[in-house]
Amino acid sequence: MPGPPVEMPIGQTDPEPPAQTDVIKDPFAMDQGPAVVHPDAAVIVIAEAEDNPELITGRRLKPGIVTLKTGYTQLEFMSGAVVGLLGPGQLRIESKDAATLLSGQVTAHVPDRARGFVLNAPGAAIVDLGTEFGVRINDTGTSEVAVLNGEVELSLLGDDGNTLVSQRVNDLRTVRVDSELKVLTEMPRSSEETPRIRPSAEIPLPISDEYVNAIHEGEPLIYWRFEEADGGTIRNEVGDRWSAVLQASDTASDSIRVANGHVSFIRSDSSRFLSLSEGIAGLNEGPFSIEFWMRPDDLAHATAVGIYPESDTNASLHLNVIEIVTDTFMIHEPGALRFLHRSPPERNYEFGKNVFSAGVCVPHQWQHVVAVKNSDSLELYYNGQLAQRVQSSEMHGGGTFQLLLGELRTTVTDRQYSGALDEFAVYRRSLTPAEAARHYALGTGRK
């Protein structure tokens with residue numbers, strides 16, 4: 001199976017894993033006894049630390065200490081919280097829901113799905129209530145908490161670790177935690193500006209003519225390149241049928257756009273998605289493949305692609321779902337890719353077969369995905385390598401099907417995908433392992 005990707009100059013990911021993928025340990029930390037297996041707690045999404053070669057974009061981290069002498073490192077926790085550490089500093093990852101600043105300065109952004117994330121500091125515990133906030137440990141070892149947006153619950157802790165004083169701190173306030181005097185003191189803003197969490201970079205996918213020619217040679221049924229949108233329509237590069245249509249209400253029109261050679265989605269309170277100009281008849285009567293590149297903004301449970309019967313206008317009965325999964329009732333690694341096939345289409349989760357990748361998905365990075373339905377099996381490829389193959393006998397069926405890109409259903413906003421998609425292709429046949437590997441290699445500028 002592919003391991004964690006490593007950083008590449010063009011913002012791509014690579015299937016070769018780094019040599020070390022476990023905890024980044026403090027060499028001066030006390031031995032804590034026999035090793036305990038912990039699930040991944042966070043993934044590095046930005047790495048600007050030349051002095052620490054272990055801090056690599058895409059590396060997944062278990063509980064342990066991250067040490068940064070210079071530069072900046074941004075982590076996304078599996079709960080959804082995003083924490084940026086500015087060097088010099090040390091951050092101890094406790095779990096997907098908590099971390100402790102040991103020295104230096106951090107900023108944390110906590111979306112709704114991660115509400116309740118806890119950041120500890122000397123003498124203090126900061127519980128997020130939906131916000132972005134910064135914490136700095138000054139030269140005397142005193143903690144200073146600055147709320148940039150929203151609200152936190154700040155607790156002053158006693159020697160036994162229990163709360164002595166608790167206070168709500170909201171927008172644009174800074175509070176010093178005085179452990180000796182056992183008080184919380186509001187203070188003026190520091191002249192040292194608190195760094196903000198960095199958004200996902202708008203990195204276009206550098207596709208060559210050789211890649212485009214290779215897709216055409218594979219004779220896809222649909223090939224959307226997202227070079228431009230003509231009146232809300234993206235043309236099919238290989239025929240006059242099956243254009244992509246942007247669907248969004250006036251309130252969600254800014255949440256989906258075609259620019260820089262790809263389509264971008266932002267989460268919204270209203271539906272916004274791409275669909276087919278007309279359904280595909282007989283798609284599930286034999287093998288087919290779906291291929292695309294994705295650059296997610298985060299690891300939230302999000303549906304990138306759905307296929308459902310054209311007669312089901314709400315998209316509640318799915319033939320296929322391709323999505324990022326982190327916190328679900330199913331057994332899988334956090335940040336995995338899921339390829340679901342249900343034939344006939346069904347809403348009941350007890351039906352159908354799932355194909356999961358390892359926990360490979362990395363925010364802010366372009367990644368190549370190929371989902372293949374064969375005559376008797378399902379395959380999922382990630383960055384040119386086979387992630388998993390599952391045998392299945394209930395594979396085929398008739399009907400006309402619609403495609404949905406960007407969310408799970410047409411009338412409900414749960415599982416909305418946030419990020420970019422590009423070079424989307426549908427084939428009425430099985431792509432081979434060699435084709436999946438070649439397309440990935442060409443997409444990363446390799447031959």
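**Exercise 1. Strand 26 and its neighbours**

Task: Work out how far strand 26 (residues 377–382) is covered, and on which faces.

Solution.
Step 1. Count the buried residues. Strand 26 is mostly covered, with six of its six residues buried. The model is a predicted one.

Step 2. Split the strand by face. In a regular strand the side chains alternate between the two faces of the sheet. One side of strand 26 holds S377, E379 and Y381. The other holds L378, L380 and Y382. Each of these residues is buried, so both faces are covered.

Step 3. Find the partner before it. Strand 25 runs antiparallel to strand 26, and five bridges join them. In this pairing, A371 stands opposite L380. A hairpin of three residues makes the connection between strand 25 and strand 26.

Step 4. Find the partner after it. Strand 27 (residues 385–391) pairs with strand 26 over six bridges, again in the antiparallel sense. Here Q391 is the bridge partner of S377. Two residues lie between the strands in this hairpin. In its turn, N383 has a positive phi of about 50°.

**Exercise 2. Two serines**

Task: Which residues do the side chains of S289 and S343 reach through polar contacts?

Solution.
Step 1. Place S289. It lies in strand 20 (residues 288–296). Its relative accessibility is 0%, so S289 counts as buried.

Step 2. Follow the S289 side chain. It reaches the backbone nitrogen of L431 at 2.8 Å.

Step 3. List the surroundings. Residues up to four places away in sequence are not counted. S289 then touches A371, V372, A425, V426, Y427, R429, S430 and L431. A371 is also the residue that stands opposite L380 in strand 26.

Step 4. Place S343. It belongs to strand 23 (residues 336–346). At 12% relative accessibility, S343 counts as buried, because the cut-off is under 20%.

Step 5. Follow the S343 side chain. A polar contact of 2.9 Å joins it to the side chain of N284. It also reaches the backbone oxygen of H396 at 3.1 Å. Leaving aside neighbours within four places in sequence, the contacts of S343 are N284, L319, E394, M395, H396 and G397.

**Exercise 3. Aromatic pairs**

Task: Classify the pairs F265–Y417 and W293–Y440 as stacked or edge-to-face.

Solution.
Step 1. Choose the descriptors. A pair of aromatic rings is described by the distance of the centres and the angle of the planes. The structure holds seven aromatic pairs.

Step 2. Take F265 and Y417. Their ring centres are 6.1 Å apart and the planes stand at 75°, so this pair is edge-to-face. It links distant parts of the chain, 152 residues apart. F265 is in strand 17 (residues 262–265), while Y417 is in the loop between strand 28 (400–405) and strand 29 (419–427). Both F265 and Y417 are buried.

Step 3. Take W293 and Y440. This pair is stacked, with 6.0 Å centre to centre and 20° between the planes. W293 is in strand 20 and Y440 in helix 2 (residues 433–443), so the pair ties together parts 147 residues apart in sequence. W293, at 0% relative accessibility, counts as buried. Y440 counts as buried too, at 4%.

**Exercise 4. The faces of helix 1**

Task: Decide where the buried residues of helix 1 (residues 209–217) lie around its axis, and what they pack against.

Solution.
Step 1. Pick out the buried residues. They are Y211, V212, A214 and I215.

Step 2. Look down the axis. The buried residues fall within an arc of 160°, so they line one face of helix 1.

Step 3. Check the other side. The face turned away carries the exposed residues D209 and E217.

Step 4. Find the packing partners. The buried residues pack against strand 13 (222–224), strand 20, strand 25 (367–373), strand 29 and helix 2.

Step 5. See what follows. After helix 1 comes E219, with a positive phi near 55°.

**Exercise 5. The cores**

Task: Which residues have the most contacts inside the largest nonpolar core?

Solution.
Step 1. Start from the general rule. In soluble globular proteins, nonpolar side chains tend to be buried together.

Step 2. Name the residues. The largest nonpolar core has 53 residues, and W224, F292 and F424 have the most contacts inside it.

Step 3. Look at W224. Beyond four places in sequence, W224 touches residues including I234, W242, L276, L403 and F424.

Step 4. Separate the second core. It has 39 residues, among them A47, L101, V145 and V147.

Step 5. Return to the rings. W224, F226, F292 and F424 form one aromatic cluster.

Notes
Residues are numbered from 1 along each chain as its sequence is written. This is a predicted model: local features need pLDDT of at least 70, side-chain atom pairs count only at pLDDT 80 or more; totals for chains, interfaces and linings use all residues. Side-chain values use heavy atoms; hydrogens and water are left out. Helices (H or I, at least four residues) and strands (E, at least two) are DSSP runs, numbered from the N terminus. Buried means under 20% relative accessible area, exposed over 50%, partly exposed in between (1.4 Å probe, protein chains only). A polar contact is a pair of N or O atoms within 3.5 Å; within protein, one must be able to donate a hydrogen and the other to accept it, and residues adjacent in sequence count only if both atoms are side-chain atoms. Contact means heavy atoms within 4.5 Å. Rings of Phe, Tyr and Trp (its six-membered ring) pair if their centres lie within 6.5 Å; planes under 30 degrees apart count as stacked, over 60 as edge-to-face and the rest as tilted. The arc is that of the directions from the helix axis to the C-beta atoms. Two strands pair if DSSP finds at least two bridges between them. A nonpolar core is a set of buried Ala, Val, Leu, Ile, Met, Phe, Trp, Tyr and Cys residues joined through side-chain atoms within 4.5 Å.
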